[in-house]
Structures are given as C-alpha cells and as structure tokens.
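Student: I've got a model open and I'd like to know where the labels on it come from. Can we go through them one by one?

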Amino acid sequence: MKRDMVEAILAMSEYNRFSKGIFGWVGFRTKWLPYENRERAAGETKWSFWKLLRYALDGIINFSQAPLNIASWMGTFMTIVSFAAIVFIVLRKLIFGDPVAGWASTICIVVFIGGIQLMILGIIGKYLSKTYLEVKNRPHFIISDSNFNDVKKIG
C-alpha cells in the first residue's frame, strides 16, 4: 500500500472495520501478486471455521445490502404465492363446491401474513441500512491526486 491509500483508510472513522472490504472500497489502483501458498513452518492458525464464517458474515453485512433485498423479495414472493393459493381455494369452493380442508386455508393465511411481515421487515431494514451508512460517515469520494497547491499559488 502506498501512503495515500493508508491515509485514506485511516481517515475513515468506522468502528467495525472489515479490512478486505475497506481496501477495495477506497478505490486505489490494485495489483495482485501471484504466490504459492505453503504450509506453516511453526504453530497453528488461530482462525477456526466459525471465526472465518463470522468474518465472512461481517463482510457481507458491512459491505452489502443483498440480505435485505433477499428478505424483501422473498416476502413479496411469499405474499403473492399465498394470495394466489387463497384465491384458488375460494374459487374451487365457489365453482366446484369442493370442500377444502381447513388446514390448507389456514396455512395460506399464515404464509400470507408471514410474507407481508418479511416484506415489511426488509423495507425497515433498508431504511436502517441507509441510516447505518450515513452514521459511518464515509467520504463520498476520495481524491487521489489534485493540483490544489497550484491553484492556491495562482489565486
């Protein structure tokens, strides 16, 4: 890392830092160096499977709104499917006089209400994520190079 990138990262006032996400977020030019992964010469890693999983989940939560989008879309999908099932059950009863067991309509209503709740939860989560991003106080952009000193001399 060059000094400009280090200063940009240190200027971020976040408390919960996901370093791999921040390195990519600051947007400086990146070059990947190939290397051969070798076994440790001594000692054992402190990273267990569960610690790595928690680290991955932190990355997803800190740099993605995908889980909230999934919740909203799943809620919408469940609501639509259960509503269609309710309409089917009612039409089947009205047209064919076919009595439908009570469990089918009960399950449809429960899934319908659950879908609405999940959809609303996803919407609330989106609002909270917007607030969370604002509270992080990340800069809108990072200037890697400028001629500000030249402008200052002229003016």
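Tutor: Sure. A helix here is a DSSP run of H or I with at least four residues, numbered from the N terminus. Keep in mind that this is a predicted model. The chain has 6 helices and 0 strands, so the pattern along the sequence reads α-α-α-α-α-α.

Student: What is the place of Leu94?

Tutor: Leu94 is in helix H4, which covers residues 66-96.

Student: And why is Leu94 called exposed?

Tutor: Exposed means over 50% relative accessible area. Leu94 has 65%, so the label fits.

Student: What makes up the nonpolar patch on the surface?

Tutor: Phe83, Val87, Val90, Leu91, Leu94, Ile95 and Phe96 form that patch, with about 740 Å² of accessible area together. Nonpolar side chains are joined within 5 Å, and each member needs over 30% relative accessible area. Leu94, at 65%, is over that cut-off.

Student: How do you know that Phe83 is partly exposed?

Tutor: Partly exposed lies between the buried limit of 20% and the exposed limit of 50%. Phe83 comes to 48%, so it is partly exposed. That value is also over the 30% needed for a patch.

Student: How many aromatic pairs are there?

Tutor: The count comes to 3 aromatic pairs. One of them is Phe49 and Trp50, with ring centres 5.0 Å apart and planes at 80 degrees.

Student: Why is the pair of Phe49 and Trp50 called edge-to-face?

Tutor: Centres must lie within 6.5 Å, and planes over 60 degrees apart count as edge-to-face. With 5.0 Å and 80 degrees, Phe49 and Trp50 meet both conditions, so the name holds. Both residues are exposed, too.

Student: What makes the pair of Phe83 and Phe112 tilted?

Tutor: Their ring centres are 6.2 Å apart, within the 6.5 Å limit. The planes are at 35 degrees, neither under 30 nor over 60, so the pair is tilted. This pair links distant parts of the chain: Phe83 sits in helix H4 and Phe112 in helix H5 (residues 102-136), 29 residues apart. Phe112 has a relative accessible area of 23%, so it is partly exposed.

Student: Which residues gather in the patch of positive charge?

Tutor: Arg40, Lys46, Lys51 and Arg54 do, on the surface. Lys46 is in the loop between helix H2 (19-25) and helix H3 (49-63).

Student: Why does Lys46 count as exposed?

Tutor: Its relative accessibility is 67%, over the 50% limit, so Lys46 is exposed.

Student: Last one: is Tyr55 buried or partly exposed?

Tutor: Tyr55, in helix H3, has a relative accessible area of 24%. Buried means under 20%, so Tyr55 is partly exposed.

Terms used. Residues numbered from 1 in each chain as written. Predicted model: local features only at pLDDT ≥ 70, side-chain atom pairs only at ≥ 80, totals over all residues. Heavy atoms only, no water. Patch = residues over 30% accessible without salt bridge, like charges linked within 9 Å, V, L, I, M, F, W, Y side chains within 5 Å. Areas by Shrake-Rupley, 256 points an atom, 1.4 Å probe, with all protein chains shown as cover. Salt bridge = Lys/Arg side-chain N within 4 Å of Asp/Glu carboxyl O. Helix = DSSP H or I, 4+ residues; strand = E, 2+ residues; numbered from the N terminus. Buried < 20%, exposed > 50% of the residue type's maximum accessible area, 1.4 Å probe, protein only. Lys, Arg positive; Asp, Glu negative; His and termini not counted. Charge placed at Lys NZ, Arg CZ, Asp CG, Glu CD. Phe/Tyr/Trp six-rings, centres within 6.5 Å; stacked < 30°, edge-to-face > 60°.
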